[in-house]
Amino acid sequence: MDDQTRMMTGLTGLGGLAQGDVGDPDSVRKQQSLGQPQQDIGDILQQIMAITDESLDEAQARKHALNCHRMKPALFSVLCEIKEKTVLSIRGVQEEDPPDPQIMRLDNMLLAEGVSGPEKGGGSAAAAAAAAAAGGSPTDSSIEHSDYRAKLSQIRQIYHSELEKYEQACSEFTNHVMNLLREQSRTRPISPKEIERMVAIIHRKFSSIQMQLKQSTCEAVMILRSRFLDARRKRRNFNKQATEVLNEYFYSHLSNPYPSEEAKEELAKKCGITVSQVSNWFGNKRIRYKKNIGKFQEEANLYAVKTAVDAANVSAQASQANSPATPNSGGYPAPCYTPDGRL
DNA sequence: TCCAATGATTGTGT
DNA sequence: ACACAATCATTGGA
């Protein structure tokens, strides 16, 4: 108890420090320059240092006494301020963090795909878009639709449960650190601002983990989407009538099998396919025909006859004996029959 | 199950 | 932007 009273008397030397001066380093300096208070502070610091040499019980008692002293808050805030101006100001430069563009991008994508947004709606819209892009029949697309939605909701479920885990872990850890710092702030200078800063650092760390989760979720969605959007995976052969229409045009324009945009549109309408499908078909046909004319000979003859017959019918109706114009006068090699059916 | 046929995509050249 | 060539992925018949 002797020590304690000595300490108390030592601390009372700071009595001249008005409450309004708390935290003002200038006022502290003023006080220090007065001589007596400076010595008192030296005393206190000496005693604080001495705590480490004492037994645990003694130290505890002394710590308690220090904590209860009326000047403790003043000293505490001064120390905090000094610390703030030295160590923390260095780290404080990169404090102001703007929202990470990367994480914003991921958030937007997850929202657009219906993973992070409201339960239903977004996902089915994306599925509908995927189905429409794939150009499947209504029945097909509804099957694909539900399949897509099921898989998407699976991803969604995993994403949310993982996110919840992360958030829980983050808040648990934050609480733990905050409690620890609050506890420690009784014995060493830790300002609330510093605690705040520490929390921000923890949140940043956790958000980088969260970004990884978001990234892998995005990847999963992209893979899912590409599987549904890649038309090669759900290719349907055109129906017989459509192929016939396309072949008829191809062989009757063998000299120049390049339908104009209007012709393509008309063919597309006739065949019930898209213009780009018509373009694909002609692209494939030209190259395959050119590569192996022999293989297409029979088909070419067939359509040549067909065209000739049709033309003949038209001619007969018009009471004209002339055969139709021969279209293949260049470009792609003609079959062994002329389009009007003659050898 | 194999394999030719076929619709679609990708890369390149003009 | 379009055509070509190579290639992929699926279909459908043997």
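1. Twelve residues surround DNA strand B, and of these Arg235, Gln277, Asn280, Asn284 and Arg288 come nearest; a residue is near a strand if one of its heavy atoms lies within 4 Å of it. The structure is a predicted model, in which local features need pLDDT of at least 70, side-chain atom pairs count only at pLDDT 80 or more, and totals for chains, interfaces and linings use all residues. Residues are numbered from 1 along each chain as its sequence is written, chains are lettered from A and ligands numbered from 1 in the order in which they are written, and side-chain values use heavy atoms, with hydrogens and water left out.

2. The surface near DNA strand B is made up of three nonpolar, four polar and five charged residues, where Ala, Val, Leu, Ile, Met, Phe, Trp, Tyr, Cys and Pro count as nonpolar, Asp, Glu, Lys and Arg as charged, and the others, Gly among them, as polar. Helix α12 (residues 275–291) supplies the largest share of this surface, with five residues. On the DNA side, 50% of the atoms of strand B within 4 Å of the protein belong to sugar or phosphate, while the rest belong to bases.

3. Some polar contacts to the DNA can be listed one by one, a polar contact being a pair of N or O atoms within 3.5 Å; within protein, one must be able to donate a hydrogen and the other to accept it, and residues adjacent in sequence count only if both atoms are side-chain atoms. A polar side-chain atom of Arg288 lies 2.7 Å from a base oxygen of DNA strand B, and one of Arg235 lies 3.0 Å from a base oxygen of that strand. For Lys295, the partner is a phosphate oxygen of DNA strand B, at 3.4 Å from a polar side-chain atom.

4. Turning to the fold, chain A has 13 helices and zero strands, where helices (H or I, at least four residues) and strands (E, at least two) are DSSP runs, numbered from the N terminus. Buried residues make up 32% of the 343 residues in chain A; buried means under 20% relative accessible area, exposed over 50%, and partly exposed in between, with a 1.4 Å probe and protein chains only.

5. Ser252 belongs to helix α10 (residues 240–252) and is buried, with a relative accessible area of 16%. The side chain of Ser252 reaches two backbone oxygens, that of Glu248 at 2.8 Å and that of Tyr249 at 3.2 Å. Although Ser252 and Ala308 are 56 residues apart along the chain, their C-alpha atoms are separated by 9.3 Å.

6. Phe296 sits in helix α13 (residues 293–317), and this residue is buried too, with a relative accessible area of 11%. From Phe296 to Lys285 the C-alpha to C-alpha distance is 10.0 Å, and the two are eleven residues apart in sequence.
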